[in-house]
Each structure stands twice: as C-alpha cells, then as structure tokens.
Amino acid sequence: MTIVDAPGEISGLRVVLWTRIDHRHQSTGGCRHTVGGAFMAKPAGLAICCSEDEACVDLYYCDESWRPVTDTWHQTLDHARDQAEFEFAGVSETWV
C-alpha cells in the first residue's frame, strides 16, 4: 500500500511538516518505541504537529492512513525535527 499525503490535521493538531518513511531513510536504532508492550515496526510516515498557540509540538509516528501509532512531545519545532533525524537519518531532506 502506498501512503498518501498527510492530512492538514492529526489528533486535533495542525500538521506543520510531514514525510513518508521509505528507502530514502535509514533507521538509526537510536530510539525504539513500544506499543502494547511490543516494539513498533518502522512507521509509514512522520508528522510534526502543533497546537494553535504552538505550546504543544508532537512528533507522530503514523501508519499508512496517517493514524498516529505513537508520538513524542517536544518543546520546539526544532527539537521535534532533531528527534526525527536522530531516529531516521535522511528525514531532514524529505520534509514537506
């Protein structure tokens, strides 16, 4: 299944940046997420989302339908971008 473009909003937050995770990205193994006690497989896409007042910046790890499987919270957009690159080398070059 091919992942489509991200929607404008995920979990009630505005999508600021998004990227599909594909052959252009190398998983660094720098962080492993668990979902329901099991390690999460590589996400289909990443989305950085902000609240209207930008007090909340979430990095969502999404499935093919852009449903968040897990997330991390960050104080700034730059911190979220740094975390994404820490986990998936090359992601800084593919943000939309």
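## The hairpin of β6 and β7

In this predicted model, strands β6 and β7 form a hairpin, and six residues lie between them. One residue of that turn, E54, has a positive phi of about 60°. Strand β6 covers residues 45-50 and runs antiparallel to β7, to which six bridges join it. Within this pairing, I48 stands opposite L59 of β7.

## The hairpin of β7 and β8

Strand β7 also forms a hairpin with β8, here with five residues between the two strands. Strand β8 consists of residues 68-74; six bridges join β7 to β8, and the two run antiparallel. L59 of β7 stands opposite T72 of β8. L59 thus appears in both pairings, opposite I48 and opposite T72.

The turn of this hairpin contains W66, a residue of the loop between β7 and β8. The phi of W66 is near 65°, which is positive although the residue is not a glycine. W66 has a relative accessible area of 3%, and therefore counts as buried.

## The cover over β7

How many of the residues of strand β7 are buried? The strand runs from residue 57 to residue 62, and six of its six residues are buried, so that β7 is mostly covered. Both faces of the strand are covered. On one side the buried residues are V57, L59 and Y61; on the other side they are D58, Y60 and C62.

## Q83 in the helix

Helix α1 spans residues 77-87 and contains Q83. Is Q83 buried or exposed? Its relative accessible area is 18%, and residues under 20% count as buried, so Q83 is buried.

Which residues does Q83 touch, when those up to four places away in sequence are not counted? They are C31, L59, Y61, T72 and H74. Two of these, L59 and Y61, lie on one side of β7, and T72 belongs to β8.

## Positive phi angles

Most residues other than glycine have a negative phi. S11 is not a glycine, yet its phi is positive, at about 50°. This residue is placed in the loop between β1 (9-10) and β2 (13-20). Is S11 buried or exposed? With a relative accessibility of 52%, S11 counts as exposed. W66, another residue with a positive phi, is buried.

## The chain as a whole

The secondary structure of the protein chain consists of one helix and nine strands. Along the sequence, these elements follow the pattern β-β-β-β-β-β-β-β-α-β. The radius of gyration of the chain is 12 Å, close to the 12 Å that the globule rule gives for 96 residues, so the chain is as compact as a globular protein of that length. The C-alpha trace spans about 30 × 30 × 25 Å along its principal axes.

Of the 96 residues, 42% count as buried. Contacts between residues at least 6 apart in sequence include 56% that join residues at least 24 apart. The accessible surface amounts to about 5,500 Å², and carbon and sulfur atoms account for 48% of this area. The chain carries 7 positive and 15 negative charges, whose mean positions are 7 Å apart.

Technical notes
Residues numbered from 1 in each chain as written. Predicted model: local features only at pLDDT ≥ 70, side-chain atom pairs only at ≥ 80, totals over all residues. Heavy atoms only, no water. Buried < 20%, exposed > 50% of the residue type's maximum accessible area, 1.4 Å probe, protein only. Helix = DSSP H or I, 4+ residues; strand = E, 2+ residues; numbered from the N terminus. Pairing = 2+ DSSP bridges. Rg over C-alpha atoms; globule rule 2.2 N^0.38 Å. Contact = heavy atoms within 4.5 Å. Areas by Shrake-Rupley, 256 points an atom, 1.4 Å probe, with all protein chains shown as cover. Lys, Arg positive; Asp, Glu negative; His and termini not counted. Charge placed at Lys NZ, Arg CZ, Asp CG, Glu CD.
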